[in-house]
Every structure is written in C-alpha cells, then in structure tokens.
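Here are a few short exercises to work through with the model open in your viewer. Try each one yourself before you read the solution.

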Amino acid sequence: MTVSLSLENVSAHYGSTKVLDDLSLHVAEGELVSLLGSSGCGKTTTLRLVAGFLEPSGGKIRLGDRDLTRLPAHARNIGLVFQTYALFPHLTVRENVAFGLKQRGVSRAEQRRRAGDIIDRVGLGHLAERHPANLSGGQRQRVALARALVIEPPLLMFDEPLSNLDAKLRVDMRVEIRRLQQANGTTALYVTHDQEEAFSISDRVAIMNAGQIMQLDTPEVLYSRPANAFVADFVGFENMIPMRAISEAGDAVRAEMVGGATLDLPKSQFTVPAQDFILATRPEGLEVTAGGAGIPATLGLRTYLGRAYQYHCETAAGTVKANGPLTQPFAADSAAVLVPRAEQCCLLPQESA
Amino acid sequence: MKQRTHPLLIAFAVLVFFFLLGPLVIIIGASLSDTSYLTFPPQGLSLRWYENVFEISAFKRTMVISFLLAVGGTALSMLIGIPAAYALARYRVELPRFLGNIYVLPILIPEIVLGFSLMKSLATGLGLPIIAALLIGHALLVLPYCVRVVGASLNSFDFSIEEAAVSLGCPRWKAFFIVVLPNVRAGIIAGFILAFITSLNDVSVSIFLTGPGVSTLPIQLLAHMEQFFDPTIASVSVLLMGVTVAVMAIVERTLGLTFLTK
Amino acid sequence: MPPRLRAWALSAPALLLVLLFLGLPVLSTLATTFGDPAGPLAQYATFFESRFRMTVLWRTMEVAIITTSVSLVVGFATAWVVARAPSRLKSLLIIAAVFPLLTGVVVRSFAWLVILGKNGILNNFLMGIGAISEPFSMLYTQGAVIIAMIYLFVPLMILTLVGVLEGIPQDLTDAAASLGAKPAAAFRQVVLPMAVPGLIVGSVLVFTGSFTSYATPQLLGGERQMMMGTFLYQRAMVTFDWVGASTIAAVMVAVTLTTVIVMSKVARRLNPVAG
C-alpha cells in the first residue's frame, strides 16, 4: 500500500506568528523527501501538521485520496519516529512495538507474532522483554523505528531521528532507515537539520527557510546548482561575488566586479541570469594561480586541508576563500589571480534585499 | 496544540476553585462586618475588628513572638541545614546514603508526636525556658525544608566551578561563600520561605510548648476561638492571609512562580 | 582536613539537632509505653481492648481514608485541567491552589466554623431558601471534619499531581495518538500508568497528614469527634496521662511509618522507569 502525500497551500500560525506560509509539497509514492533547514524554519511544524498534532490555519493535506486536514491524529495511520524516540517507559520493547497493533484490535497472538518479527528485523530479538530505560540510544532508536513500521503505515515520518546518537551510529542508522524504507516501498517524510544526512538518503530534499520551501530538488541538483543565494549559502557556496554584465566579448559575456576588474564568462559554460548577478562558488571552485585572466587577489592566511591548501584572499569584493594546489604553495601576502572553474560555479540572480 | 479538555471536567475544576477560594473570601467578608458576631455577607462595613486586634494585647504579643520565632527558627535551621545539604551533595562517596533520610525525620514523625515528646523532654525534663524549647522545636520542624530545598539546588550545582575557584587561588572556605552560595541562592530563598510559612502556621508542635505568657499567634487564635466568636478572629485571619500574599509576591519577584509546582 | 572528616564535620550540627532533639525524645516517648509493671505490652493491651480508644482509632482511619480518596479524585481531575490550561491561566490557577496551601491550618479550619456553625452561612442560606425551618448544628460531626480536611488537602494534591502530569512528556501522548490510540485509550494505557507513582505519593501525603492532624478535628470535631491527634492532646494536657498519651503516639507513629514504607515500596515497584 503506497500512496503519495500532498500539502496544498498549507499555512500555520502560533498565536499571531505565521510559521508556515502557503506551503505546497508533493511526496510521490515510495519516495523519501527530506525537509532540511535550521531551527525555526518550519520543518518540524510541517511534520506535526501532517501528523495531526497541529491544525493548519489554511490549506489541505492529502494522503492518497484521503483528506487528512481535519482528521484527529489517532485516525491518520502514519508511522512517526520522534526525536526523543518517545518510547513508553512503562512498557517492554515488545509491548511498545505491539502498542499500535493493540489499538487496531489485532488479536493478542497476532500482535505477538508481528511485533516479534519486526523486533527481529531491527536486530533486537534478544532484548524484547527489556524496558526502554535499560537500552542504549541506538537500541531505543531501533525500537522507535520498529514501533512505527509494525503498523505498516502508508506514510512514515521522521523528526530528527538521529540527532541524539553519536556520529558513527548516526551513519549506520540512516543507512538502515533508508534500507527499511526502500524495502517496504513506503512513502516517507524526513525532517533534519543535518545536510549530509538529508542528502545521503533522500530522493529529494526541500530546503526550508522562514516557513517557505526555498528549493525542492534532488540532492545532486541542490549540491551543484542551487537556485538562489539562500540555498547556495546553505550548501556551502562560501564565496558570493556580486558582478554586473557590461558587454559581450565574442562568445563570452564580459562582467565587471567591484574595483573594476573584469572577467569573461564563456556563454557555452555560463548562463548569465540578469544584468546584476552573483558569482557563487565553493573554495574549490576558485583556483589560485600566479597569473592570467581572473580575479586579482592578495593572499592571506593559508590553511592545510589535506587535499589542498586553502587561502583567505583579499579582493576588491571582500575576503573570499580559494584553494590552491599542494605542489605549489604560495607565500603569504603574495599577489595572485583567482580563476573560477566553470563546472563548480553558479551564477545567481541578484536578490532585491 | 493540545487536545480540548472535556467541558464537564472544566466545569468541575471551576467548582473546585470556588470551593478552595470561597471560604477565604467569606473570612475577608466577615472581618469587615459591623456586627459583633460573625456573619457573611457582611452587614455594614467597618474596620473596627481590625482595630480590635491591636487592642488585644495577647494578639499583639503573640504576633511578635510568632514572627521572631519563624525568622529565628528558620535562620537557625538554615545555619546548620546548609552545611549538611552541602556535605550531602559534595561528599556523596564519603557519607552513607541513609544520612539524607535522617534530616527528613521531622516530617516523617507525626508533628503532634514530636510536640508531645519535646514537651516531655525539653520543657519538663530539662526545664528549658518556653521560648528556647519553641525555638528548638521550630528549627527542627523546618529542617527538612532547609536541607531538601537547598539540597535540590546543590544537586544541580556543578562542583567543578568550585574547584576552578580553588585552582585560581581562592581558599576553600571562601570559595563556598563567593562561588557556591550565590549559585544556590534560589534554593536558599525558596527553602527559607517554605520554612518560614511552616513555622508561622504551626499548631501541632507549638501547642505543647507554649505556656503562660509565651504563646504563638495560631495557638492564641485557637484559644480565642474557644471563648469568643467575634469578627476579630476573621480580622487576624485576613492579616495572616496578607502575610501569605506578601510571601507569594516575594516568590514571584525572586524566583518566578514555576518553582511552586516542582 | 581529609574529605571524610570534613563531610562529617559539616553534617554534625544538623545530625545532632535531629538525634538529640527528635531521636531521643521520641524514643523516650516510645520507651515509656513498654515500662508498664504489668508487662511490656500491657499499655497496648489496654489500648486495643478499650472500646473508646478503638472507636477513636477507627474514626481517624475512616476520616483519613475518605479524605484521601476524595482528595485524590478531586485533585486529579482538577490537576488534569490545570496541566492542560494555557500557560497564563495555568499560572493563575497554580497561584489559586498555592494560596490556601500557604494559609495556615487554623485560618482554613476557622472558615468552616463560620460556614457550618449554627448561625453560620450554610444554615442561613438553607433557611433563606426555605429548605429548613430551624437551624441545625453541622459542627462537631464527622462530616464537618471530613469536609474541612478535604478542603485542607485538595490544594496539596492538585499541586503534586500537576507536577506529575507535567512530568509526562507530550511526546508520549503524541506517540500514542500517532499509533492510533484514541484519547481515552492513550489516557488509560499511557498517562495513568505513568502517573501512578505520583498518585501514590500524593495519597501518602494526604493520608498521613489527615491521620495525624490536630487543629481541624479540634475545631470542627471537638470532644464528640475525637481523633488520634486531639485524643493525644487531651490525654497529655487535660488528664495528664502521659503513658496513655505515649501509647497513642506510638500507634500514630506505627500507622504513619507503615503507610510510608509500604506505599513507597509499592510506588517503586510500579514506577515505570525503573523497569
């Protein structure tokens, strides 16, 4: 039973503060979509709206052909994994997992069998009679996962499920979550503030800010082709250099930056979005060279990254970070030229602030 | 958004709060009555029963005694309770675990049994003056509040801060005063207030320890009630409620009211 | 100074206060009950054979149990509403519960004297609406004592249980709902089991408090509704029968300590978190 989830023009308020602004989102059947953003961006609110813990002030929420908008939380049939795991401390692992089956009037023997199966699947067969207080963080996480999976919900939701685990376990668990989700073909909504986590397991990621989705796309596109300055900054395009297109020079656009330096951007590699635009790159997208066509800079602090040296460079447009080759370290205070690598740069429209 | 509470349940809770506050409102009303007997709603408004309180020397005297006793007993209890609480929190390994339970014995043993026993041993046995016996009794009565409430603050205190002070050259005893105490201030205030109120309102211990000439306000109230049934008692009660209001205002200003549910 | 010595030195004053002025006097009270020439248990034989004493003991038990049960139900229902109220209202309600709690026992019992007395408010009201023609005395009855006791202890129960209910994370009830539990099922299967230890703690507080109370039965029960506390006082200060009073004291200590110890064992066993 796989269905799609759609949010249509959903808004939400806390008192008079608007926390979600006309948000629309479609999660296709069997797809895992992550909501990614810093705290207060509205990602958890979105999840709680779908779960039925909050009521939207406008819009519709549909799961398949069911309209969830006014349905009470207990009638929604959604598997939810909480950040705190929210295991019932007075129940054993088995009782925790069987809880949802019990509410559905499943017979005792069937409860036992199905709970037992899923507990075995998450590798906790030997701990089934323990109480949550006697489990490690990772084990609790597995119980929470089993408890959400056992009701075979058409939609699984995860609210920062890994944020209370240590780094290594986080990686193991996210792989496991992805494996179980794909094995069941369940539609899933995953909330996190961890970019690597979101990118590594999602089909698509929605980057959120101030109650709105800034960009919704595959991790690959988000990583290399952010659509706006917010997303670019979020995915690590640390350098944002404002430019203005001033003329055409053959098959290139000539752009001028603060301080008067110009740069020719070949049309075959760059699409200039507007007359005023931003050249956004990660440090590795700017190559430090001794001379040639590029952005003139004075090199400052040098740090060693293992694969390259990184320089803090003073340019007319401010400080930018750029990487240089290990084979040829530059001395501090030397003059250099920063050459943008086309495939690692993005030209973004200048946003009206 | 929390789920709605059933309207019948809300109606019930409203009734409960009427039940809780109604009688106190009645006392306030009765204290303002112009009549010489207790009645509500008050007939005619007058403050003469408040004046009467201060004309009865027994009330004036016991008010002073009760106040001094509550302050003195609590201060004494704090003086010995804070080091005890500090030792419990700081030296968990060095001290046996049951030690913490000894300090709460005064609330575990029925108060009236404590009062009776103190009367036999202190007042009659040792022949202590009434006021001394009262002071010891009240210090004992409020010790659990001092140790427990201050202890709760100390338990969440990070003792590495104290060690930091010592490592910076501060003597241990001084570190206690300039580093530990200021950080458990909230616990000390809360403990002091609870202890003060407990002592001020105490009946069961005091009733055995008061004697000719020396009594506390609640005991005096009880005695007065057996002979007279006039609005004076209501007026004294309202004055005592005033103390409660003042105490709650202090709590609100210094700690916020959230600490009351903890 | 080695740490162990320092720890004991800091603890000594408080320990001495408790041991010298509580331990010794209370033990001596208990000891006198075994000193009867007719045999160590003679005082207790007298106590448990005396009809009057047993009536007082059972009456006290009865009042304490009724007070505890009613306070538990009333307190839990009210605490439920308070815990779920919006935060501004919640603070107000908590203040409204704390205020009577911090107001003395004498004042609060006195209020019921005014309400239930022969010329009291309730009689006046009932006569006013024509329900009765003659005022009748509601004072010095068991009902009067119980009402005043409930009045005394409901705030304590409310505050204890608000703390308990707020200690149950919202996530748990959310989780129950997400797994399909209707509100009533979530209450029965999650909230109630989690609240049980707190309910026990509140009940023990109220039971021991009402079992050992003095001022309220004195004012509202008088001689006619003698309870253990007032009985102890009467024996000690009116008839000066200190050995008899000590026996009453010993019975009170036995009942309260047994209750506390047994119930805290039960609470620990039912504590969900211990596993």
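**Exercise 1: the fold of chain C**

Which pattern does chain C follow when read along the sequence? Keep in mind that this is a predicted model.

Step 1. Walk along chain C and you get α-α-α-α-α-α-α-α-α-α-α-α. In numbers, that is 12 helices and 0 strands.

Step 2. Next, check the extent: along the principal axes, the C-alpha atoms of chain C fill a box of roughly 75 × 70 × 35 Å.

Step 3. Now look at burial and contacts. Of the 275 residues in chain C, 48% are buried. Take the contacts in chain C with a separation of 6 or more, and 72% of them join residues 24 or more positions apart.

**Exercise 2: where chain C touches chain B**

Work out which helix of chain C gives the most to the side that touches chain B.

Step 1. Count the contacting residues: 68 in chain C against 70 in chain B.

Step 2. List the helices of chain C that each supply at least two residues to that side; among them are H1 (3-32), H3 (51-84) and H12 (242-270).

Step 3. Pick the top contributor, which is H1(C) with 17 residues.

Step 4. Sort the chain C side by class, and you find 53 nonpolar, 12 polar and 3 charged residues.

**Exercise 3: one helix pair across the interface**

How do H3(B) and H1(C) pack, and at what angle?

Step 1. The angle is about 130°, and the axes are 8 Å apart.

Step 2. Classify that angle: roughly antiparallel needs over 145, and roughly perpendicular runs from 65 to 115. So H3(B) is oblique to H1(C).

Step 3. Add the hand: the crossing of H3(B) and H1(C) is left-handed.

Step 4. See who meets whom. H3(B) brings residues including B:Ile80, B:Gly81 and B:Pro83, while H1(C) brings residues including C:Ala7, C:Leu10 and C:Ser11. By class, this contact has 10 nonpolar, 2 polar and no charged residues.

Step 5. While you're on helix H3 of chain B (residues 57-90), find B:Phe67 there. The C-alpha atoms of B:Phe67 and B:Ile197 are separated by 10.0 Å, although the two are 130 residues apart along the chain. B:Phe67 has 16 other C-beta atoms within 10 Å, so it's partly exposed.

**Exercise 4: the open sheet in chain A**

Which strands of the chain A sheet stand at the edges, and why is one side of each left without a neighbour?

Step 1. Lay out the 6 strands in the order E6-E7-E8-E3-E9-E10, with mixed pairing.

Step 2. Go to the two ends. E6 (78-81) and E10 (212-217) each have a single partner strand, so one side of each lacks a neighbour in the sheet.

Step 3. Check the twist: neighbouring strands are turned by 20° against each other on average, direction ignored.

Step 4. Zoom in on one pair. E3 (residues 32-36) and E9 (residues 204-209) of chain A run parallel over 4 bridges, and A:Val33 stands opposite A:Arg204 in E9(A).

**Exercise 5: two positive phi values**

Is A:Asn77 buried or exposed? Then do the burial check for A:Ala210.

Step 1. A:Asn77 is in the loop between E5 (66-67) and E6 of chain A, and its phi is about 60° even though it isn't a glycine.

Step 2. A:Asn77 has 20 C-beta neighbours inside 10 Å, so it counts as buried.

Step 3. A:Ala210 is in the loop between E9 and E10 of chain A, with a positive phi near 50°.

Step 4. With 14 other C-beta atoms within 10 Å, A:Ala210 is partly exposed.

Technical notes. Residues are numbered from 1 along each chain as its sequence is written. Chains are lettered from A and ligands numbered from 1 in the order in which they are written. This is a predicted model: local features need pLDDT of at least 70, side-chain atom pairs count only at pLDDT 80 or more; totals for chains, interfaces and linings use all residues. A residue is buried if 20 or more other C-beta atoms lie within 10 Å of its own, exposed if 12 or fewer, and partly exposed in between; C-beta atoms are placed from the backbone. Two residues are in contact if their C-beta atoms, placed from the backbone, lie within 7 Å. Ala, Val, Leu, Ile, Met, Phe, Trp, Tyr, Cys and Pro count as nonpolar, Asp, Glu, Lys and Arg as charged, and the others, Gly among them, as polar. Two strands pair if DSSP finds at least two bridges between them. Axes are lines fitted to C-alpha atoms, for helices over the stretch in contact, and angles run from 0 to 180 degrees between N-to-C directions. Angles under 35 degrees count as roughly parallel, over 145 as roughly antiparallel, 65 to 115 as roughly perpendicular and the rest as oblique. A crossing is left-handed if the near helix is turned anticlockwise from the far one by less than a right angle, and right-handed if clockwise.
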